[in-house]
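Q: Hi! I've just opened this one and would like a friendly walk through it. Can you help me find my way around?

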Amino acid sequence: MTASLLFPPAFILILGALLVPLIPGKAKNIYVIALPALAFWMISQLPHGELLSVHFFGHDLSLLRVDKLSKIFGYVFTLNATIVCIYAFYLKDSQQHMSALGYIGGALGVVFSGDLITLYFFWEWMAVCSTFLILARRTPKAYGAGYRYVMLHLFGGLVLLAGIVLHINGTGSIGFDAFTDRTLASYLILAGILVNAAAPPFHAWLSDAYPEATVTGGLILSAYTTKTSVYTLIRGYAGYEILIVVGCVMALYGIIYALLENDMRRILAYSIINQVGFMICGIGIGTAMSLNGAAAHAFCHIIYKSLLWMSAGSVLYMTGKSKCTELGGLYKTMPWTMIFGTIGALAISSVPFTSGYTSKPLIIEAAVNQHLVWPWLILEIASAGVFLHAGIKFPYFVFFNQDRGLRPGEPPHKTMLWAMGIMAFLCIFLGCYPAPLYALLPFEMEPHVPYTLSGVIKQFQLLMLSALAFFVFLKLLKRTDTIAIDTDIIWRKGGRWFYICMDKGLNFVNYAFNELMHKGAATGLGRYFSEGPLNMTLAVLPADEAKREQITRYFRAGISPIGLSVAVAALYLFGFIILTLP
Amino acid sequence: MSHKKEFDWFDHDKNRKLLWKLLWGTCALTVIAEAFVHVHPHFSFDGIFGFSALLGFASCSVLIILAKLLGLVLKVREDYYDR
């Protein structure tokens, strides 16, 4: 191993991104494909261990910690990036290429960081770079979504930072390993990570922002932020039981919202939440098999979800439309996009002989091994539900259903179809021959046999009857030109609510205080000090009417004769003494 | 002028009916097949014959109906946030 190879793969992409605008024409696109491919090769060459540390502000930062867990994520991140860049071969926009490479580089940085400071740096770097992929669409909606996206990620980042600072102060260590002590610090870090993992209620940034990104932007975004969180959780939070609950909630939540959605990319966005739910549940179970399941499922998920986003991206690219109510009948003119998209849909649904079937059952079997009845049942229900929304609903409403008269044709750029073809091949390859994937799994476990006759029959039963339910209840699933309110309403409408709360709340206090102090107390005091002495003087000084009027004028004007003033003051003092006597 | 004939197989009623039959047939086949294999139930209740089929149909029906009911409350117009 030469020293030059100990260069963090993250920097290849991040530094390489800087050169993108300088390269002309097609060479730029070839260069953009070559960078992640080079990073993939470098990862394959890295030996295990802490390979590169840098002294920084009194800490030894570990920039390149390599083990099986970081490698499996490194492989899939760079493999996916290479194929995605093939898909984006037509794209001339340097800004998008730069943000994509920077973002993927950030994800690799997190995966190979051995300490919390490096992790935090790359974490925030990802948030910033990914925002540009949303803004690149250059529509008012994208600008709004990008703004909300970055604000929420910065919030999550701050929670993470607070946890990291507390952790370093408490333990004196910056190392990023399993958080065995369950302290406030570890829970804050967990909360920060869960924001990026799109766990409810902080999940709505995903379904809000990803569908507003560009065709290739949404595709790239779908793979990295949530899966980086999955990696971080596997390393730091294996066996945290709360994650079983979070995962189960996510798995079901994603299905319900995907069923409500009309926008095809929003359906896919919600299905990310559903799929990440499986992984997080696996992490919560915390056995070698469930953690391997989470890693394997993340691997397969990145590939089939990219395929689905590519297919949806091609439809958006060709028709300019993404709503199910405006799409339909595209199988006639986009057969390849339909076939590839359907393969992705089958893979996400864990249909036997596709990649989902060789990864997801690891998690479900781990739940069985731990005798976790409810999580097992929920994951089974969620498996059936995935077929419902991503397996059938997406291809059915986009490519079949009612013909809307659209005749777009396949994407004119052959590389888009090639990229989809490669992804589809991988989905089927990993489904039929999972050995290479299983060899990459990070933890030692009993060999898993994915294909048993009874297992396959049970899975087909589950899926075919789900399909039957879909078509029996098709009328209930009729698409409407609507969106569904999700928790993003809190921060979308938050500004207006904040204003109303402040207006009604603080201004009320202001008004009440004004009434009490200005009109009440101040007026009372003024009257007391101006009318009090006058009334007292008039009460004790017998005089005729003219004299009384004169005294009243003097007091009102503040020019009462000195003798009288002294007398009144003495009287006041006397009265005050009497009143305060015990 | 010759137009390539459009592939519109899925649009014909006859073919749709065929697909319906295929769907029902496949469903039945998957359930019948269970009789010929030895299944290993994990818990007590999942050993019931056709449990996966039952679970698939029932859970999906519940999910669809639940989503429909939630939709009555949660669905708003496209421009909800723009107004």
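**A chat about two chains**

A: Happy to! Keep in mind that this is a predicted model. A good place to start is a contact between the chains: Asp11(B) forms a salt bridge with Lys332(A), and their closest N and O atoms are 2.5 Å apart.

Q: How many salt bridges are there between chain A and chain B?

A: The count between these two chains is four.

Q: And what about polar contacts, how many residue pairs are there between the chains?

A: There are 10 residue pairs in polar contact between chain A and chain B, counting pairs where both residues are at pLDDT 80 or more.

Q: Which elements of chain A give two or more residues to the side that touches chain B?

A: They are helix 10 (242-260), helix 15 (373-399), helix 18 (453-472), strand 5 (482-484) and helix 19 (488-492) of chain A. Helix 18 of chain A gives the most, with 16 residues.

Q: What kinds of residues are on that side of chain A, split into nonpolar, polar and charged?

A: The side of chain A that touches chain B divides into 34 nonpolar, eight polar and 14 charged residues.

Q: OK, how many residues are in contact on each chain?

A: On chain A it is 56 residues, in contact with 52 residues of chain B.

Q: And how much area do the two chains bury between them?

A: About 4,900 Å², with 73% of it on carbon and sulfur atoms. Within chain A, the residues that lose the most area to chain B are Lys458(A), Gln461(A) and Ile483(A), which together make up 13% of what that side buries.

Q: You listed strand 5 of chain A. Which strand of chain B does it pair with?

A: Strand 5 of chain A pairs with strand 1 (residues 75-77) of chain B, in the antiparallel sense and over three bridges. To find the pairing on screen, look for Ala484(A), whose bridge partner in strand 1 of chain B is Lys75(B).

Q: What else is in chain B? How many helices and strands?

A: The secondary structure of chain B comes to two helices and one strand. From the N terminus on, the order is α-α-β.

Q: How does chain B's radius of gyration sit beside that of a compact globule?

A: Chain B has a radius of gyration of 21 Å, while a compact globule of 83 residues would be near 12 Å. The C-alpha trace of chain B spans about 60 × 50 × 15 Å along its principal axes.

Q: Now chain A. How many helices and strands does it have?

A: Chain A has 22 helices and five strands. Its C-alpha trace spans about 120 × 60 × 60 Å along the principal axes. The radius of gyration of chain A is 33 Å, whereas a compact globule of 582 residues would have one near 25 Å.

Q: Do show me a hairpin. Which strands of chain A make it?

A: Strand 2 and strand 3 of chain A make a hairpin with two residues between the strands. Strand 2 (residues 53-56) and strand 3 (residues 59-62) pair in the antiparallel sense over four bridges. In strand 3, His59(A) is the bridge partner of Phe56(A), and Asp60(A) is the bridge partner of His55(A). In this hairpin, Phe57(A) takes a positive phi near 50°.

Q: Where is Phe353(A) found?

A: Phe353(A) is found in the loop between helix 13 (335-348) and helix 14 (355-369) of chain A. Phe353(A) has a positive phi of about 75° although it is not a glycine.

Q: What about the peptide bond from Pro200(A) to Pro201(A), cis or trans?

A: That bond is cis, with omega near 5°. Pro201(A) lies in the loop between helix 7 (184-196) and helix 8 (204-209) of chain A.

Q: Back to salt bridges. How many does the structure hold over all chains?

A: Over all chains there are 18. One of them joins Asp67(A) and Arg235(A), with the closest N and O atoms 2.9 Å apart.

Q: What does that pair tie together?

A: Asp67(A) lies in the loop between strand 4 (65-66) and helix 3 (68-87) of chain A, and Arg235(A) lies in helix 9 (residues 215-237) of chain A, so the pair ties together parts 168 residues apart in sequence.

Technical notes
Residues numbered from 1 in each chain as written. Chains lettered and ligands numbered in written order. Predicted model: local features only at pLDDT ≥ 70, side-chain atom pairs only at ≥ 80, totals over all residues. Heavy atoms only, no water. Contact = heavy atoms within 4.5 Å. Buried area = accessible area lost by both parts, 1.4 Å probe. Salt bridge = Lys/Arg side-chain N within 4 Å of Asp/Glu carboxyl O. Polar contact = N/O pair within 3.5 Å; in protein donor to acceptor, adjacent residues only side chain to side chain. Nonpolar A, V, L, I, M, F, W, Y, C, P; charged D, E, K, R; others polar. Pairing = 2+ DSSP bridges. Rg over C-alpha atoms; globule rule 2.2 N^0.38 Å.
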